[in-house]
Amino acid sequence: MKSILIQLDTDPLPSSFDRVVAVDAGVDEIFSYGGVTPENVEPLVHGAMFTRGVKDLMHTAIFIGGSIAGDGEALLERVRKTFFGPIRVSVMMDSNGSNTTASAAVLAAAKHVPLEGAEAVVLGGTGPVGQRAAQLLAKQGAAVRVGSRTSDRAAQTCDAIQRAVPGARLTPVVTGDEESLRSAVQGVAVVIAAGAAGAQLLSVGFRRQIDSLKVAIDLNAVPPAGLEGIEAVDKAVERDGTICYGAIGVGGSKMGIHKACLQRLFTANDVVLDTEAIFAVGQDVTR
Amino acid sequence: MKSILIQLDTDPLPSSFDRVVAVDAGVDEIFSYGGVTPENVEPLVHGAMFTRGVKDLMHTAIFIGGSIAGDGEALLERVRKTFFGPIRVSVMMDSNGSNTTASAAVLAAAKHVPLEGAEAVVLGGTGPVGQRAAQLLAKQGAAVRVGSRTSDRAAQTCDAIQRAVPGARLTPVVTGDEESLRSAVQGVAVVIAAGAAGAQLLSVGFRRQIDSLKVAIDLNAVPPAGLEGIEAVDKAVERDGTICYGAIGVGGSKMGIHKACLQRLFTANDVVLDTEAIFAVGQDVTR
Amino acid sequence: MKSILIQLDTDPLPSSFDRVVAVDAGVDEIFSYGGVTPENVEPLVHGAMFTRGVKDLMHTAIFIGGSIAGDGEALLERVRKTFFGPIRVSVMMDSNGSNTTASAAVLAAAKHVPLEGAEAVVLGGTGPVGQRAAQLLAKQGAAVRVGSRTSDRAAQTCDAIQRAVPGARLTPVVTGDEESLRSAVQGVAVVIAAGAAGAQLLSVGFRRQIDSLKVAIDLNAVPPAGLEGIEAVDKAVERDGTICYGAIGVGGSKMGIHKACLQRLFTANDVVLDTEAIFAVGQDVTR
C-alpha cells in the first residue's frame, strides 16, 4: 500500500520546499493543497479518514505548512477535532519550518552546553521560530530570557510558553536599546538569534563582551547576519572562544529532523508532531 | 506507459477522497484540478487528447467529481463534446460518490430480492444519490416510488428518470406527514433511504408495520439514522425479519465498485462511466 | 534520487498537456502550480534551490508554461534572477508550446532547404510562435520576411528579433491585402504560417504562383488551414512541387523536442532552455 501525505498549506500556492522534502523522505504520493483554512479543511480530512481501513490508516498522513505559523496552529486544531475514535491519521505541523528549525537550533546548543540549568537568551524571541526555540530550551530546563523590542510582546510570549510548559523559567527582556540589550545578554551561555531577515541583533563587539557565552546560533540566512560576524555556513565554528552556528550550518540537521518526522508519521495512525514531539524526534535522530 | 487519471473537480479544492481511491486502484499518476467548469475545461481535455498516440490514449482517462452532481453532469457533457473521432479518452463521473453509492445500494438490495417486478421506495429520492438509486431500480424492472417532502420535486424526478429509462414504472410519493408516508411505504419489498444527513425518514415502529419489507438500506452515515434502528455498520443484518444495511455496510461494496470503474477506464479510450455503466461494472464485481 | 519538475504555469489551471509530456519524458515527480506570477514565484524557486545539496540540484528543474508567452518570459526572467552562485536549477520556458513548435517547424524546413542564405517568409509572424520561427530562421542565416496585417507590428517584431540575433536579415512585410501579400511572398523558398486559428493566410492559387517555393509549413491545427490545400496531417507531402507540412505533421517532431528538452534539464543544474537552446536540442534530436 502506497504512503500518501496530504499537504495542507495555508498559503495560496503550497510550499515547493515541503514537497521536495517529502519526496526525498520517501513518501510515495503527495497531495498538495493551497489556501486551506479551518473552514474548508473538513472534506480533505474526511478523504483521509474514510478511504482506507483502520489498520491501513497508518499509510496516510497529513502535513500542515504555510508561511504563517498561527494559521497552521489553527488548522492543526481543526484537523484534530475532525478525527474521532480510531478513525484518524498522523499529522505534523511545521509552518514556515518553525518547529524543525527551532528543534535543530536547540539540539545544536545542547551538543555544547548542558541545557538543564543553563542561562539562555533568544533574541527575536516572539516570532514563530524564536518562541518555539524558547519553549524547547525551557522544557530542557534552561532559564530562558525571551527578547523583543517591546516588553509587552516579550511578556505575552513568556505567558504563552508558560501555559505550554508549566514550571518553565522565563524572563521577558527588552533589546531595543544598547543599555537594555547589554543587560539582556549578561551572563548567558547560549544565545539564539531568530529575528526578522536582515536585522542585526548583536554586534561583534557586544558578543565578545559576554564572557559566559559558549554557543551562539544565528538563524537568519539573509545578510546582514543577526549575530554580526557569524557566517551562514558556520557549523560549530569557534569564534573568539564561542561555538558558532549559522542558518545553513543548522540547515542539515533541520532537514534531517524534517525527513525523520515525515517517516515517523507513517509508523502509526495517531502520531501528532508539533513543537515538542518534533524536538523529541530530533533527539532520536542526532543521538 | 504510465496510466494517468485527470481528476476534474467542480469544487475549489479537489477531493482527497477520490485521489486516495485512485492511488489504491493502482493509477500511476493523478493530475488533480479544482474549480473546473464547462467554461475552463477545454484546454485540460485537449491536453489529454493531443499528447499520446491514438493507440496509447487508453492509458489516459478523466474522472469528474465534486460535491454537486448537477455541476458534474454539466462538466461530463462538455468533456464529451470536446472529443472527436478516435481522439478521445475514457471518462467517469461520480460527483459526491453518487453513482457508486447508488449502485452499491441497489446491488445490495438485489442480493436479497429479485428486483424485476419488485415494489420499491426510495426515501429522499430527489437528491443525487436517491434519484440514481431510483433510476437503477427502475432499470432492473422494479416498480419504484420516488419519495420527497413535496409532490412537485418527486414528479420532476420521475419525469427525469422516465427520459433516461423509457418504460420505467415510477410513482411520485409524498412523505411529508405520517398519513402520506404510511401509504408511500405500503406493500414495498425494498426501502432505500437517501435523504440529507441527520434527517430521520422512517421510525422503527413504522418500519415494523411494513409486512412486505425484505430489505432496508440507509445511506446516511451521520447520526441520527435515516431509518431508525439501523446501524451505520449493518451489513445484511436481520432486524425484525428485514435484512438491513447501513452506510458503512454498503461502503465496502461502493469502494470496490469505484476502484473497478477506475481500472475499467484504462481498458479502452472510449469508455464512458455514468450511472448505468457504473452499475454494470458493479454487477461484474459482485458476481 | 527522484527527478522533480516544478511546473510553473501562468494560467489559473496548469496545463495538462505539459504534465502528460513530462510524465512520458520519464520525470519522476511533477509539482504543478497555476496562477504563477513574477510576484508570487520566489518562494517556489527557493523551495527548488534550498532543499537539495548543490551536487544533487541537477535532479530538480523548473518548467515555465501557460497560454501567454509574454507572461512566461517575464516569469523566466524573475526565476533566473532568484538564483545565485551555484544555488540554481535548470529551467525551460515553452509557453503555449511556442518554442518547441517554432523549432519543429524550422527543423522541418531545414530538411529540404539549406537555410543559410534562403529567402523565407513567416505569415502571422508577430505572434509567439511566428516570432520565434522568424528568429530561428534568421539565426540560421535565412533572409526572413516577417508578415503581419499591420506594418507597425511587423516592424516591432523585426526590431525585437534584431536585438536577440545581431546581424539578422529581417524585413517587415504587410499581408493585409492581395497586392501586398503577393509582393510579400515573391521569390521565397520557405513559407511558415503561424497565424491565429481558423484564419486562412494564403490561397492555393496564390501559393502555386510562387515558383521559388520549396517548403510550405502550416502550424494551424484547426480548419480552415492557414495555407489552403495543406492538410493538418501532411508530413513532407509534395503538393504542386512544394513539400508541405501541417500542424500534426510537425507535431511528432515538436513532441520529441519537448521530451528531449525535459531530459536535458536533468543533466546539469544550470541549463536554461529558451528559444535558441530548444532549437539546438531539436537539432541534436533530429540529427
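Let me start where chain A meets chain C, since the count there is five residue pairs in polar contact, with both partners at pLDDT 80 or more; and I mention that confidence value at once because what we are looking at is a predicted model. In that interface, the largest share of the side of chain A that touches chain C comes from helix α1, residues 16-24 of chain A, which supplies seven residues. Sorted by character, the residues on that side of chain A divide into eight nonpolar, two polar and three charged.

Staying with chains A and C, the rule finds one salt bridge across their interface, and in it the side chain of C:R52 meets that of A:D24, at 2.7 Å from N to O. As for extent, the contact takes 13 residues from chain A and 19 residues from chain C, and the two chains bury about 1,200 Å² between them, with 63% of that area on carbon and sulfur atoms. Which three residues supply more than any others of the area that chain A buries against chain C? They are A:L13, A:S16 and A:V20, and together they account for 42% of it.

Now let me turn to the other interface of chain A, the one with chain B. Here 19 residues of chain A are in contact with 13 residues of chain B, and the buried area is about 1,200 Å², again with 63% of it on carbon and sulfur atoms. On the side of chain A, the residues A:F31, A:Y33 and A:T51 supply 43% of the area buried against chain B, which is more than any other three residues give.

The polar part of this interface can be described in a similar way. The count between chain A and chain B is one salt bridge, formed where the side chains of A:R52 and B:D24 meet at 2.7 Å, N to O. There are also five residue pairs in polar contact between chain A and chain B, both members of each pair being at pLDDT 80 or more. If we ask which elements of chain A each supply at least two residues of the side that touches chain B, they are β1 (4-9), β2 (29-33) and α2 (42-49). Of the elements on that side, β2(A) gives the most, with five residues, and the residues of the whole side divide into eleven nonpolar, five polar and three charged.

With both chain interfaces described, I would like to look inside chain A. The domain assignment gives domain 1, which covers 4-97 together with 253-286, and domain 2, which covers 100-250. Taken over C-alpha atoms, the centres of these two domains of chain A are separated by 28 Å, and the contact between them takes 17 residues from domain 1 and 15 residues from domain 2.

Between them, domain 1 and domain 2 of chain A bury about 1,400 Å², of which 58% lies on carbon and sulfur atoms. Three residues, A:T275, A:E276 and A:F279, supply 45% of the area that domain 1 buries against domain 2, more than any other three residues.

How many salt bridges are counted between domain 1 and domain 2 of chain A? The count is two. A:E73 forms a salt bridge with A:R132, and there the closest N and O atoms are 2.7 Å apart. Across the same domain interface the rule finds ten residue pairs in polar contact, both residues at pLDDT 80 or more. On the side of domain 1 that touches domain 2, at least two residues each come from α3 (69-82), β4 (90-93), α9 (247-265) and α10 (275-286) of chain A, and α10(A) gives the most, with seven residues. The residues of that side of domain 1 divide into six nonpolar, seven polar and four charged.

Let me close with a sheet, which I will describe in chain C. It is an open sheet of five strands, in the order β2-β1-β3-β4-β12, with parallel pairing. Its edge strands are β2 (29-33) and β12 (272-273) of chain C, each of which pairs on one side only. Five bridges join strand β1, residues 4-9 of chain C, to β2(C), and these two strands run parallel; within this part of the sheet, C:I4 stands opposite C:E29 in β2(C).

Note on methods. Residues are numbered from 1 along each chain as its sequence is written. Chains are lettered from A and ligands numbered from 1 in the order in which they are written. This is a predicted model: local features need pLDDT of at least 70, side-chain atom pairs count only at pLDDT 80 or more; totals for chains, interfaces and linings use all residues. Side-chain values use heavy atoms; hydrogens and water are left out. Domain bounds come from an automatic or database domain assignment. Contact means heavy atoms within 4.5 Å. Buried area is the accessible area (1.4 Å probe) that two parts lose on being put together, summed over both. A salt bridge is a side-chain nitrogen of Lys or Arg within 4 Å of a carboxyl oxygen of Asp or Glu. A polar contact is a pair of N or O atoms within 3.5 Å; within protein, one must be able to donate a hydrogen and the other to accept it, and residues adjacent in sequence count only if both atoms are side-chain atoms. Helices (H or I, at least four residues) and strands (E, at least two) are DSSP runs, numbered from the N terminus. Ala, Val, Leu, Ile, Met, Phe, Trp, Tyr, Cys and Pro count as nonpolar, Asp, Glu, Lys and Arg as charged, and the others, Gly among them, as polar. Two strands pair if DSSP finds at least two bridges between them.
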